[in-house]
Amino acid sequence: RYDINVNGSINVIDAANANKITKFINLSSVSVYGICENVTEEAKTNPLPTFPYAQHKEAVEQYINEHLPSAIQFRSHLIMGKNAQDFLREMFVMPVYLTFAEGKTPKQQVVHENDVVCAIEAALKADVSGAFNLAANDIIDLGGTYIKKGIEEGRRIRKFPFSVVRMAAFFGRKMNAHDLATWIEMLDTTATVNCDKAKTQLNWTPAYSIWDARKDAMSTLKT
């Protein structure tokens, strides 16, 4: 994965420099911040040591900062919608909700795939560079808010300890289920970002809420 994610990206960046490309956009991730709450782009990156995806994103960002500082780097939250990966969409209809350690309520955001497209289109027209956070305006806690939504939809939802899910993720990683395992690790953390910079400099405003993104993601699930 490192060779594809990092070295592959470096090849593209070097080619852009060699061909004097004037507009370069890198789709990074809020996961480069690690555990964070309402952070701006000025926050120091600190990806979780258990999350290789985030570490790779940070490595690419650092290379761009050194070799192509005029680039735009979108730190998007979890991208959801009709084209999201199957395992991410299936998580929305699981008949369980996660219980965490006492007093812990992880908070997360997502961003709709159409809002990401709008941000890219805006960036292509704007004279800007640097990092921009992208996320829906609302925030979801992975306990109460999500449970309430499932009950409103008439689904029977049972408690399930996150410690058990983490153990399953550990064995999944051993069996090369890396994507699912790393995203499950992220569920145990709070990761929320401030998107004022994108709203101000790109005139970008997310048109979709978390629940809009969830609805679209679920609409293409096979039944």
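In the predicted model, Ala-191 is buried, because its relative accessible area is 2%, a value under the 20% that marks the limit for buried residues. This alanine belongs to strand S11, which covers residues 191-193. Along the chain, Ala-191 and Ile-139 are 52 residues apart, and a distance of 9.6 Å separates their C-alpha atoms.

Two cysteines were also examined for accessibility. Cys-36 has a relative accessibility of 6% and therefore counts as buried. Cys-195 is likewise buried, at 6% relative accessibility. A search of the whole structure for disulfides gave a count of zero.

An open sheet is formed by three strands, arranged in the order S1-S3-S8 with parallel pairing. Strand S1, residues 25-29, and strand S8 occupy the edges; each has a single partner strand, so one side of each lacks a neighbour in the sheet. On average, and with direction ignored, neighbouring strands of this sheet are turned by 25 degrees against each other. In general terms, the strands of a sheet pair through backbone hydrogen bonds, in either a parallel or an antiparallel manner. Strands S3 and S8 run parallel and are joined by five bridges. Within the sheet, Ser-76 is placed opposite Leu-134 of S8. Helix H2, which spans residues 52-67, packs on the sheet and touches both S1 and S3. The direction of H2 makes an angle of about 145 degrees with that of S1.

Aromatic contacts were considered next. The whole structure contains two aromatic pairs. In one of them, the ring centres of Phe-74 and Phe-132 are 6.1 Å apart and the ring planes meet at 55 degrees, so the pair is classed as tilted. This class applies because the angle is neither under 30 degrees, as for stacked rings, nor over 60 degrees, as for edge-to-face rings. Phe-74 is located in strand S3 (residues 72-76) and Phe-132 in strand S8 (residues 130-134); the pair therefore ties together parts of the chain that are 58 residues apart in sequence. Both Phe-74 and Phe-132 are buried. A further group is found at the ring of Phe-132: Lys-197 lies over its face, at 4.6 Å from the ring centre.

Strands S3 and S8 are thus linked in two ways, because five bridges join the strands and the pair of Phe-74 and Phe-132 ties them together.

Note on methods. Residues are numbered from 1 along each chain as its sequence is written. This is a predicted model: local features need pLDDT of at least 70, side-chain atom pairs count only at pLDDT 80 or more; totals for chains, interfaces and linings use all residues. Side-chain values use heavy atoms; hydrogens and water are left out. A disulfide is a pair of cysteine sulfur atoms within 2.5 Å. Buried means under 20% relative accessible area, exposed over 50%, partly exposed in between (1.4 Å probe, protein chains only). Rings of Phe, Tyr and Trp (its six-membered ring) pair if their centres lie within 6.5 Å; planes under 30 degrees apart count as stacked, over 60 as edge-to-face and the rest as tilted. Helices (H or I, at least four residues) and strands (E, at least two) are DSSP runs, numbered from the N terminus. A charge sits over a ring if NZ of Lys or CZ of Arg is within 6 Å of the ring centre and within 35 degrees of the ring normal. Two strands pair if DSSP finds at least two bridges between them. Axes are lines fitted to C-alpha atoms, for helices over the stretch in contact, and angles run from 0 to 180 degrees between N-to-C directions. Contact means heavy atoms within 4.5 Å.
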